Amino acid sequence: MPNSVKTKSFRSLLLKSTLGLTITLAGLTALLLLLKINTQQRNEIESNTWLWASILADKSRPFLEDDPTKTNIALKKELTELSKNITLINRIHIYDLNDNSVSFFTSYNKNNSFPAIKDKINEIDELTTIRYHEQYLELVVEIKSSQKTVGYVYLQTSLTKKNDFFSSLLLLGLFLLISAISIAVLTALWLYKKTCTPLDGITELIDNISQKKRYDNRAKKQEYKEFDILARYINILLTVTEKHIYKLEDDHHYALSQNNELKSRVESRTSALKDSNQELLSTLEKLHQYQGQLVESEKMASLGDMVAGIAHEINTPIGLGVTASSLLADNLNNIKERFDNKTLKSSELKRFLNDGEENIAIIFRNLERAANLISSFKKVAVDQSSAESRTFDVHGLIDEVLLTLSAKIKSAQVTVIIDCPENLTITSKPGPLNQILINLILNSIHHAFDGITTREVSIKIQSLSDQLNIHYHDNGVGIDESIKNKIFDPFTTTKRGSGGSGLGMHLVYNLVTQALIGHISMHSEPQQGVDFDITFPIERTIVQ
């Protein structure tokens with residue numbers, strides 16, 4: 001069996017692929033843009049922070065050069081005027097440096113929402129580079145005069161505007177991503193519809209063809225090239241299938257005509273044999289009378305089956321003999337007429353002699369075969385009617401039984417395999433042994449092979465000192481469990497309504513145990529056939 005493949009949804013695959021690709025591309029694009037904008041804004045704020053710190057340092061320098069007219073109050077006022085319209089600046093501290101001592105000089109706060117913070121004197125060295133916080137960044141720049149540091153400017157700039165812009169940008173990016181996903185879903189559904197509509201049409205066509213057997217239907221031309229190619233190949237397949245079906249129908253009609261012709265030929269040949277069949281009626285009547293006498297005892301009941309088989313077997317050689325004799329008589333009349341008219345040629349006489357010799361040979365062979373069949377049947381019948389002991393060849397007795405049952409065996413298509421030593425001559429009762437074998441074989445033919453195609457019966461004969469062992473086996477369906485334990489009881493059968501009397505195996509048991517003073521055992525498994533093992537005493541006769 002081929003490997004099973006799990007069925008998947010094409011629409012699901014298309015949606016997942018489109019959404020995955022869209023989300024990946026849109027996400028990567030948005031991420032790169034956000035990182036780029038964030039970096040650009042950060043660089044811009046850092047640059048502006050450094051710029052304003054430098055400007056504030058230049059503005060504060062004069063106030064830290066010991067000019068008594070320029071006080072810290074004046075500097076604070078100037079810082080306020082300078083910074084009040086600058087949204088970037090949150091706080092400014094100015095520190096004075098005298099004798100290596102840093103002191104607070106003045107400060108600036110944007111408004112009351114920015115309360116004063118403690119001085120950064122102890123953090124000046126750490127703030128010489130920009131330090132980031134969540135909402136602001138800090139920077140300290142030296143105030144120099146004539147290459148001498150006179151103070152420091154502490155500047156705190158706001159990140160609120162940048163953060164707000166970044167948040168709005170995130171929302172915009174999310175909105176664009178959702179829009180892109182929606183467009184992707186709609187696109188995928190549109191593609192699915194465009195893809196599956198022609199496929200649905202082709203599927204419906206194939207389903208209609210499979211149900212109604214209309215192989216003359218064809219797929220329509222498709223809008224898209226790939227589907228049109230598929231439709232063309234399906235049409236080619238339908239054309240080939242239609243031609244093949246027409247060919248099968250033609251072959252079927254031809255076979256029917258041949259069968260009818262053969263039937264008529266058989267009927268004509270059958271009618272030609274009617275005359276010969278009439279001659280056999282007397283023989284059949286005698287055989288049936290003899291059968292009627294045997295049926296009076298149940299142990300002779302199997303003779304009826306043999307009569308029909310022998311009649312069928314004898315019919316063929318006698319029919320051929322009658323046909324050959326009729327042809328010979330016609331040729332003889334023709335020769336006689338030519339001889340009387342003195343028109344007989346030597347070549348015609350020679351041909352008549354050759355044909356006559358051939359016809360006589362045919363008549364002789366077929367009559368000899370019929371005589372052998374009747375002789376074998378006579379031996380079997382005589383043995384069955386007699387329970388006396390005599391010396392006989394076991395292999396020859398089995399051959400006579402098989403020849404007698406050949407018609408039954410052939411019609412049942414059973415192969416009989418014999419394993420018996422040559423020249424095994426014994427002194428025993430051939431009649432009971434003969435009937436035991438016939439009943440076992442007929443029992444297998446009637447009961448064992450229902451539903452079995454290869455039908456075999458094997459008979460193995462062994463001589464065990466002063467005993468003969470017969471192992472009988474068939475490969476049939478076996479014996480039903482319900483009757484296995486009473487198979488040798490009288491009137492036990494599974495085909496009572498089909499002509500079975502149920503006395504066959506009971507007769508076999510009585511013949512083995514009473515007539516032959518032996519033993520019989522049976523073994524059977526369902527669908528494994530049946531085995532009979534028979535042993536009885538004999539006297540071995542050595543052939544010189």
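Ser60 is found in helix 1, in a model that is predicted. With a relative accessible area of 0%, Ser60 is buried. Setting aside neighbours within four places in sequence, Ser60 is in contact with Leu75, Leu79, Ile94, Ile143 and Val153.

Helix 1 spans residues 10–60, and two other residues along this helix can be followed in the same way. Ala53 is also part of helix 1. Ala53 has a relative accessible area of 0% and is therefore buried, since the limit is under 20%. Not counting residues up to four places away in sequence, Ala53 touches Leu139, Val141, Val153 and Leu155. Val153 thus appears in the contacts of Ala53 and in those of Ser60. The C-alpha atoms of Ala53 and Ile89 are separated by 9.9 Å, with these positions 36 residues apart along the chain.

Gln41 lies in helix 1 as well. Gln41 has a relative accessible area of 17%, and because buried means under 20%, this residue counts as buried. Beyond residues up to four places away in sequence, Gln41 touches Lys162 and Phe165. Asn163 is 122 residues from Gln41 in sequence, and the C-alpha to C-alpha distance of this pair is 9.8 Å.

The view can now be widened to the whole protein. The protein has 11 helices and 13 strands. Of its 544 residues, 33% count as buried. Among contacts with a separation of 6 or more, 67% are between residues 24 or more positions apart.

The largest nonpolar core has 46 residues, and within this core Ile441 and Ile461 touch the most other members. Two or more residues come from each of helix 8 (394–404), helix 10 (430–447), strand 9 (455–464), strand 10 (467–474), helix 11 (504–515) and strand 12 (530–537). Helix 10 gives the most to this core, with eight residues. For Ile461, leaving aside neighbours within four places in sequence, the contacts are Val394, Ile398, Asp419, Cys420, Pro421, Leu424, Leu468, Asn469 and Ile470. A second, separate core has 24 residues, among them Ala53, Ala57, Leu75 and Ile130. Ala53 of this second core is the helix 1 residue described above, and Leu75 is one of the contacts of Ser60.

Back in the largest core, helix 8 is mostly covered, with eight of its 11 residues buried. The buried residues of helix 8 are Val394, His395, Leu397, Ile398, Glu400, Val401, Leu402 and Thr404. Val394 and Ile398 are also among the contacts of Ile461.

How do helix 8 and helix 10 pack, and at what angle? Their axes are 10 Å apart and the angle is about 45°. That angle makes helix 8 oblique to helix 10. The crossing in which helix 8 passes helix 10 is right-handed. Helix 8 makes the contact through Leu397, Ile398, Val401 and Leu402, and helix 10 through Pro430, Leu433, Asn434, Leu437, Ile438 and Ile441. By residue type, the contact of helix 8 with helix 10 divides into nine nonpolar, one polar and no charged. Ile441, on the helix 10 side of this contact, is one of the two residues that touch the most other members of the largest core.

Helix 10 also packs with helix 11. The axes of these two helices come within 10 Å and cross at roughly 155°. Helix 10 is therefore roughly antiparallel to helix 11. Here the crossing is left-handed. Pro432, Gln435, Ile436, Asn439, Leu440 and Asn443 of helix 10 meet Gly504, Met505, Leu507, Val508, Leu511, Val512 and Ala515 of helix 11. The residues of this contact divide into nine nonpolar, four polar and no charged.

Gln435 is found in helix 10 and takes part in the contact with helix 11. At 1% relative accessibility, Gln435 counts as buried. Leu511, on the helix 11 side of the contact, is 76 residues from Gln435 in sequence and 8.4 Å away in space, C-alpha to C-alpha.

Conventions: Residues are numbered from 1 along each chain as its sequence is written. This is a predicted model: local features need pLDDT of at least 70, side-chain atom pairs count only at pLDDT 80 or more; totals for chains, interfaces and linings use all residues. Side-chain values use heavy atoms; hydrogens and water are left out. A nonpolar core is a set of buried Ala, Val, Leu, Ile, Met, Phe, Trp, Tyr and Cys residues joined through side-chain atoms within 4.5 Å. Buried means under 20% relative accessible area, exposed over 50%, partly exposed in between (1.4 Å probe, protein chains only). Helices (H or I, at least four residues) and strands (E, at least two) are DSSP runs, numbered from the N terminus. Contact means heavy atoms within 4.5 Å. Axes are lines fitted to C-alpha atoms, for helices over the stretch in contact, and angles run from 0 to 180 degrees between N-to-C directions. Angles under 35 degrees count as roughly parallel, over 145 as roughly antiparallel, 65 to 115 as roughly perpendicular and the rest as oblique. A crossing is left-handed if the near helix is turned anticlockwise from the far one by less than a right angle, and right-handed if clockwise. Ala, Val, Leu, Ile, Met, Phe, Trp, Tyr, Cys and Pro count as nonpolar, Asp, Glu, Lys and Arg as charged, and the others, Gly among them, as polar.
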